[in-house]
Amino acid sequence: MNRELTQDTVFPLRLERTYYNKGFFNVRRAFDHLVRSDDGPITLQLRDDGLIDGRVDRRANNNGTARVMGGARLRDWFQRNYAVGATVPVRFATPSRLVIG
């Protein structure tokens, strides 16, 4: 059965060492259409820890898929709540708002 991806779809993010240390992550192609289609601001809801401002960068990856940049606040949150290699659920609430964790 081929399940349609919607805004309530959860993307299982594998927390790679670079994501963990730098505070960003790449969105896989299958989920990319759920994120804003251009570079710009995005809101990241960090589970129960509040909102942070992030950015979508579509120039960082050669294939044009979204890189979600959360900076030091996302990095610190990853490091407080997960280990390298963990799977972090990311829900696409809207194209400009992601719920992480």
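This text walks through the aromatic pairs, the salt bridges and the strand pairing of one structure. The model is predicted.

Start with the aromatic rings. A pair of aromatic rings is described by the distance of the centres and the angle of the planes. Ring centres must lie within 6.5 Å to count as a pair. By this rule the structure has 6 aromatic pairs. Take F11 and F31. Their ring centres are 5.1 Å apart and their planes meet at 40°, so this pair is tilted. The label follows from the cut-offs: stacked needs planes under 30 degrees apart, and edge-to-face needs over 60.

Where do F11 and F31 lie? F11 belongs to strand β1, which covers residues 10-14. F31 sits in the loop between β2 (24-26) and β3 (40-46). The two are 20 residues apart in sequence, so their contact ties together separate parts of the chain. Are these two residues buried or exposed? F11 is buried, and F31 is buried too.

F31 has another aromatic partner, F92. Here the centres are 6.2 Å apart and the angle between the planes is 15°. This pair is stacked, because 15° falls under the limit of 30 degrees. It also links distant parts of the chain. F31 is in the loop between β2 and β3, while F92 is in strand β6 (residues 87-94). The separation is 61 residues. F92 is buried, as is F31. Put the two pairs together, and F11, F31 and F92 make one aromatic cluster. F31 is the residue that pairs with F11 and with F92.

Now turn to charge. How many salt bridges does the structure hold? There are 5. Three of them can be followed here, beginning with D39 and R59. Their side chains meet with an N to O distance of 2.5 Å. D39 lies in the loop between β2 and β3, the loop that also holds F31. R59 lies in the loop between β4 (51-57) and β5 (67-69). The two residues are 20 apart in sequence, so this salt bridge ties one loop to another. D39 is partly exposed, with a relative accessible area of 24%. R59 is exposed, at 67%.

Another salt bridge joins R14 and E16. The N to O distance is 3.5 Å. R14 has a relative accessible area of 45% and is partly exposed. E16 is partly exposed as well, at 35%. R75 and D76 form a further salt bridge. Their closest N and O atoms are 2.8 Å apart. R75 counts as partly exposed at 28% relative accessibility. D76 has the label partly exposed at 31%.

Finally, look at the strands. Which strand pairs with β3 in the parallel sense? It is β7, residues 97-100, and the pairing runs over 4 bridges. Within it, L44 stands opposite L98 in β7. β7 also pairs with β6. That pairing is antiparallel, again with 4 bridges. R91 stands opposite V99 in β7. β6 and β7 form a hairpin, with 2 residues between them. So β7 has β3 as its parallel partner and β6 as its antiparallel partner, because each pairing meets the need for at least two bridges. β6 is also the strand that carries F92, and F92 belongs to the aromatic cluster with F11 and F31.

Note on methods
Residues numbered from 1 in each chain as written. Predicted model: local features only at pLDDT ≥ 70, side-chain atom pairs only at ≥ 80, totals over all residues. Heavy atoms only, no water. Buried < 20%, exposed > 50% of the residue type's maximum accessible area, 1.4 Å probe, protein only. Salt bridge = Lys/Arg side-chain N within 4 Å of Asp/Glu carboxyl O.
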